[in-house]
Every structure is written in structure tokens, then in C-alpha cells.
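User: I should like to understand how the terms used for a protein model are justified. Could the reasoning be set out step by step?

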Amino acid sequence: MKSKMAAAAAITALLSGGAAAANWQLAWQDEFNGAALDTAKWRLESGPGPWGLHELQYYTAGDNVAVRDGALHITARRQAYGGRDYTSARLRSQAAWRHGRIEARIKLPYGQGMFPAFWMLNQQWDQPAHYGEIDILEMVGSEAGAENATIWGSAHRPKPGAPAGTVQTASASYVTPDLGWFNDRFHDFAVEWSPAAIRYFVDGQLYQTVTMKTDGGDGWSALQEPAFLVLNLAVGGDWAGAPDASTRWPQEMVVDYVRVYRDAGEPAARRRAPASAASPLR
């Protein structure tokens, strides 16, 4: 196990690039090597929503998630349940972190209506003036086309002085060099989050840097708060659009691992259990 972690740290250093990369130290991980979901690390969020973007799935309390063959499998099905026509799963971490490198190795689904995501949400999400969200990856699928080869990374923060709930967004997309679909194989998705910036990576390739005000002005303080992780596979909604006759079922989002690193050159990242309230209806 020690050699495996050393290798992981070395790989992360290579992917990150630069001298500072040598300071990354593993702080938390789930390799999904057990026989079931580790409920000390994750909790399932269930219900019909609404989930913010008017998504169509019912998140079940365990029927759509499994740990097998060293990976987490989140499965979306066309299945009538709880007044909805689709089921899927959504997990959030039991711990939260402030700054660090957050990464996961994931094979994504594809097809019209698929909306997988790996993201972070701060612990004050239910207070509009403090809402902060870091989307490490989002993808909207299609039957055929560049959407299946494209992911998005975004940072959302409040807009001071605007009506409550108004959000400012910095966002960029990454398209695979050969237009290969993200369901063809596993890919590495990561952010490096510091007081000054959020850097977004796919397979070690930096494709976006969001520069923040270190004094927290203009809503940036919301992205300096401890945040927990979310893994989910949504179906439909305002962005992804509804599934259609071309959508194949079931679809899976397969997660090989999730790892959180802290910068050993800085004070240890602040970690504590997230607030007990459910996360937002997104």
C-alpha cells in the first residue's frame, strides 16, 4: 500500500508540473477497493428534487450505486420510481477541505440526456451571499458528436449587490485532442485550488486558470471556504435536455479513485464534517 501511495504522489507531481508540485501530500482518498460504499467517507443523497436544473432523475438511497472490481459504479436507468421516469445516484463526501489538489479518475457515460459531474460545494451553500461551487467536471452527452468529447470546468460565486441568488461564473471547456469520447476509457480530472487561483486539468493538461482576489472581494470569499465533494450522474434538465429514443440504457459513470492532496509547504488544509443539511437542489 505504501508503494502504491508513493507512486500516486509521483504521478501527481508529474501531472501538475512545476517545482511546487513536489509539495503535494496525500490527505484523503478512496480507491474503492472494498465490497461496498464506505459510508465513513461518503453519504448518499436521495429524492426526486427538484435539483436546480429541473433534472428528471430520482436519486435512490443505494439501488443505483455499487462498488466492484476496484471502482465505484453510478448507474442511471430508465425506470419509473417515486414519480420520476429515471433513477440514478448522488454521493457527497463526509469531509470537507480548504485548498489542495482534488482529483479523480473517471470513465464517463454518453448519450442524449446524460449529465455526469464531479464537483465541490462550500459549507455555506444555503446562504446565497456565501454560495461557492467548483465544478471539476461536467459533461452533457449526445448520441453522436463533440459533446461526448467535451467536458466543462467552472467556478461559481455570488455577485455582491445583486439580487440574492445571483451567481457569477468563470468557465471553460476541454475537448479531447482526437475527439475521442470520454466513455472510451478512464480520464484524470483535477483542480489545484489555492487562495489565489483554481487551475483545471484533464489528463495532466492545464486548460483553465481562474484567478481569484485573495482579499475575498467581489464574491471570491465564497471560494475560500471549506468544501465537500459531490459525485453524481443526473438525467435530463435545462442544460442536458431530456433523453430520447437514441439514448441507450443503462448508462454508467465509473470512478476508479478520488484523492485529495494538500500542499505540504502551506499550513495543513482545514477539514471538518460538512453541515448536516442536504446539499442544494441543483
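Analyst: A definition comes first: two strands pair if DSSP finds at least two bridges between them. The model under discussion is predicted. Its chain holds one helix and 17 strands.

User: What makes strand β8 and strand β13 a pair?

Analyst: The count of bridges decides the matter. Strand β8 covers residues 100-107, and strand β13 covers residues 187-193. Seven bridges join β8 and β13 in the antiparallel sense. Pairing requires at least two bridges, so β8 and β13, with seven, are a pair. Within this pairing, Ile102 has Val191 of β13 as its bridge partner.

User: Which sense does the pairing of β8 with strand β17 have, parallel or antiparallel?

Analyst: That pairing is antiparallel, and it also rests on seven bridges. Strand β17 comprises residues 251-263, and its Val255 stands opposite Ile106.

User: Why is β8 described as mostly covered?

Analyst: Six of the eight residues in β8 are buried. A residue is called buried when its relative accessible area is under 20%. Six of eight satisfy that condition, and therefore the strand is described as mostly covered. For the chain as a whole, buried residues make up 50% of the 282 residues.

User: How do β3 and β5 each pair with β6?

Analyst: Strand β3, residues 57-59, pairs with strand β6, residues 84-88, in the parallel sense over three bridges. Gln57 has Tyr86 in β6 as its bridge partner. Strand β5, residues 71-81, is joined to β6 by three bridges and runs antiparallel to β6. Here Tyr81 stands opposite Arg84 of β6. Two residues separate β5 from β6 in a hairpin, and Gly82 in the turn has a positive phi of about 55 degrees.

User: Why is Ala240 called buried although the residue lies in a loop?

Analyst: The label follows from accessibility. Ala240 lies between β16 and β17, and its relative accessibility is 7%. The cut-off for buried is under 20%, so Ala240 counts as buried. Setting aside neighbours within four places in sequence, Ala240 is in contact with Gln112, Gly113, Met114, Phe115 and Val140. Of these, Gly113 is 127 residues away along the chain, yet the C-alpha atoms of Ala240 and Gly113 are separated by 5.1 Å.

User: What is the form of the peptide bond from Trp249 to Pro250?

Analyst: That bond is cis, with omega near -10 degrees. Pro250 is found in the loop between β16 and β17.

User: Why is Asp218 called partly exposed?

Analyst: Its relative accessibility is 34%. Buried means under 20% and exposed means over 50%; the value for Asp218 falls in between, and therefore the residue is partly exposed. Asp218 occupies the loop between β15 and β16. Its phi, near 55 degrees, is positive although the residue is not glycine. Leu179, in the loop between β12 and β13, is likewise not a glycine and has a positive phi of about 60 degrees.

User: Which residues line the largest cavity, and what is its volume?

Analyst: The structure holds one cavity of 30 Å³ or more, and the largest cavity contains about 40 Å³ of space. Its lining consists of Met120, Leu121, Asn122, Gly132, Glu133, Ile134, Trp193, Ala222, Leu223, Glu225 and Ala227. Strand β9 gives the most to this lining, with three residues. By character, the lining residues divide into seven nonpolar, two polar and two charged.

User: How do you know that Ala227, one of these lining residues, is buried?

Analyst: The relative accessible area of Ala227 is 3%. Since buried means under 20%, Ala227 is buried. The residue lies in strand β16. Beyond its neighbours within four places in sequence, Ala227 is in contact with Ala95, Ala96, Trp97, Met120, Leu121, Asn122 and Trp193.

User: How much of the contact in the chain joins residues 24 or more positions apart?

Analyst: Such residues account for 71% of the contacts with a separation of 6 or more. As for the surface, the chain exposes about 11800 Å², of which carbon and sulfur atoms supply 52%.

Conventions. Residues are numbered from 1 along each chain as its sequence is written. This is a predicted model: local features need pLDDT of at least 70, side-chain atom pairs count only at pLDDT 80 or more; totals for chains, interfaces and linings use all residues. Side-chain values use heavy atoms; hydrogens and water are left out. Buried means under 20% relative accessible area, exposed over 50%, partly exposed in between (1.4 Å probe, protein chains only). Helices (H or I, at least four residues) and strands (E, at least two) are DSSP runs, numbered from the N terminus. On a 1 Å grid over the protein atoms alone, a cavity is a set of points where a 1.4 Å probe fits but cannot get out, and a pocket is an open set with protein on both sides within 12 Å along at least five of seven lines; lining residues have an atom within 4 Å of a point. Grid points are joined across faces, edges and corners, and a volume is the space filled by probe spheres set on the points. Ala, Val, Leu, Ile, Met, Phe, Trp, Tyr, Cys and Pro count as nonpolar, Asp, Glu, Lys and Arg as charged, and the others, Gly among them, as polar. Contact means heavy atoms within 4.5 Å. Accessible areas come from the Shrake-Rupley method with a 1.4 Å probe; for residues, only the protein chains shown count as cover.
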